[in-house]
Amino acid sequence: MPELPEVETTRRGIATVMAGRRLDQFIVHENRLRWPVPAELPHTLQGRVVQACERRGKYLLIRFAHGVQIVHLGMSGSLRRVPMNEPRRKHDHAEWVLGDARFLYHDPRRFGAILWHDLNLGPVEQHPLLARLGMEPFDTAFDGKHLHRCFKDRAVSIKQALLAGDAVVGVGNIYASEALFKARINPQTPAGKISAARCNTLATAIRKTLSQALEAGGSTLRDYVNSTGEPGAYFTLHAAMYERAGKPCPRCETPVKRIVQGQRATYFCPVCQRR
Ligand SMILES: [Zn+2]
């Protein structure tokens with residue numbers, strides 16, 4: 001599944017080409033995504049200039065003077081630049097054409113979304129899909145204090161509290177295991193029991209884990225955007241814990257343990273991350 005680092009890499013890729021350019025055509029080939037693509041969107045966007053390509057959580061925000069196109073890659077989607085004459089493949093549901101640049105939205109499972117927010121309705125941050133998202137992990141206001149405040153009195157495990165996304169966005173299943181290992185926090189600890197000091201360590205660990213994934217993505221940026229490879233080939237993180245059950249912990253060599261929390265697998269070191 002595309003996680004925050006993949007979405008951010010996609011954003012950087014499309015921003016370098018789209019921002020400041022006129023959108024000649026937005027074409028919808030299949031409007032049945034998670035929600036229908038608004039029928040009037042091609043008309044709404046034709047000839048308009050892309051002002052910026054932003055991101056909030058895992059939503060790409062393509063900004064125009066009169067509104068914002070909200071794009072989500074779903075469970076298995078991608079948005080890539082392709083040559084003008086490349087034939088469309090199955091599951092390529094929408095395309096953007098800006099001069100000699102063409103982008104295809106590919107989403108085999110159609111769990112993604114392409115929506116429109118008219119700025120007459122207020123800032124895009126108030127859109128129902130965005131309004132309740134947690135803080136951005138690279139926001140300067142994101143720190144241990146913020147986490148400690150969000151987790152206060154919560155009985156749910158720290159792993160599940162992170163996945164919920166209302167404290168901080170971008171910590172998906174892989175990154176939750178990795179960040180908790182870095183912070184030496186047992187994933188089963190109730191969120192409300194994590195001290196302020198350990199919340200500081202955790203905030204740092206989350207930033208570090210996501211930066212490393214972004215750096216790894218930097219090297220695949222060209223493939224991801226110009227697309228010669230299969231779409232949906234997401235970054236391979238050099239995981240210390242994730243999907244390494246039974247393998248030695250890189251810190252103490254104890255076999256990595258796998259448990260299931262809220263129907264999702266969690267990996268941790270029972271020694272380094274003792275409760
Ligand atoms: Zn260990």
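Q: How do you know that E1 and strand E6 pair?
A: In this predicted model, E1 and E6 (residues 92-98) share 4 bridges and run in the antiparallel sense. Pairing asks for at least two bridges, so 4 bridges are enough to call E1 and E6 paired. One place to look is Ile-27, which stands opposite Glu-95 in E6.

Q: What makes E1 and E5 edge strands?
A: The sheet has 4 strands in the order E1-E6-E7-E5, is open, and has antiparallel pairing. Strand E1 (25-28) and strand E5 (78-82) each have a single partner strand, so one side of each is left without a neighbour in the sheet. From one strand to the next, the twist averages 20°.

Q: Which strands make up the open sheet that contains E2, and which are its edges?
A: This open sheet follows the order E2-E3-E4-E8, and its 4 strands pair in the antiparallel sense. Strand E2 (52-56) and strand E8 (113-118) pair on one side only, which is what marks them as edge strands. Here the twist averages 25° from one strand to the next.

Q: How do you know that E3 and E4 are partners?
A: Strand E3 (residues 59-63) and strand E4 (residues 67-72) are joined by 5 bridges. The requirement is at least two, so E3 and E4 count as a pair, and an antiparallel one. To find one of the bridges, start at Leu-60 and go to its partner in E4, Val-71.

Q: Where does helix H1 lie, and at what angle does it run to E2 and to E5?
A: Helix H1 (residues 4-18) lies across E2 and E3, and runs at about 170° to E2. H1 also lies across E5, E6 and strand E7 (101-106), this time running at about 40° to E5.

Q: Why is helix H5 called mostly covered?
A: Of the 10 residues in H5 (residues 173-182), 9 are buried. A residue is buried if 20 or more other C-beta atoms lie within 10 Å of its own. Among the residues of H5 that pass this test are Ile-174, Tyr-175, Glu-178, Phe-181 and Lys-182. After H5 comes Arg-184, whose phi is positive, near 55°.

Q: What makes Ala-179 a good place to start exploring the largest nonpolar core?
A: Ala-179 is listed with Leu-180, Leu-202 and Ile-206 as having the most contacts inside this core of 61 residues. Helix H6 (residues 196-218) gives the largest share, 7 residues. Leaving aside residues up to four places away in sequence, Ala-179 touches Val-171, Leu-202, Ala-205, Ile-206 and Thr-209.

Q: How do you know where this core lies relative to the domains?
A: Domain 1 (4-126) and domain 2 (144-268) both give residues to the core, so it lies between them. The centres of the two domains, taken over C-alpha atoms, are separated by 28 Å.

Q: What makes E9 and E10 a pair, and which residue in their hairpin has a positive phi?
A: Strand E9 (residues 257-261) and strand E10 (residues 264-268) are linked in the antiparallel sense by 5 bridges. At least two bridges are needed, so E9 and E10 qualify as a pair. Across the pair, Ile-259 stands opposite Thr-266 in E10. The hairpin has 2 residues between the strands, and Gly-262 takes a positive phi near 55°.

Terms used:
Residues numbered from 1 in each chain as written. Predicted model: local features only at pLDDT ≥ 70, side-chain atom pairs only at ≥ 80, totals over all residues. Axes fitted to C-alpha atoms, helices over the stretch in contact; angles between N-to-C directions. Contact = placed C-beta atoms within 7 Å. Buried ≥ 20, exposed ≤ 12 C-beta atoms within 10 Å, placed from the backbone. Domains from an automatic or database assignment. Core = buried A, V, L, I, M, F, W, Y, C linked by C-beta atoms within 7 Å.
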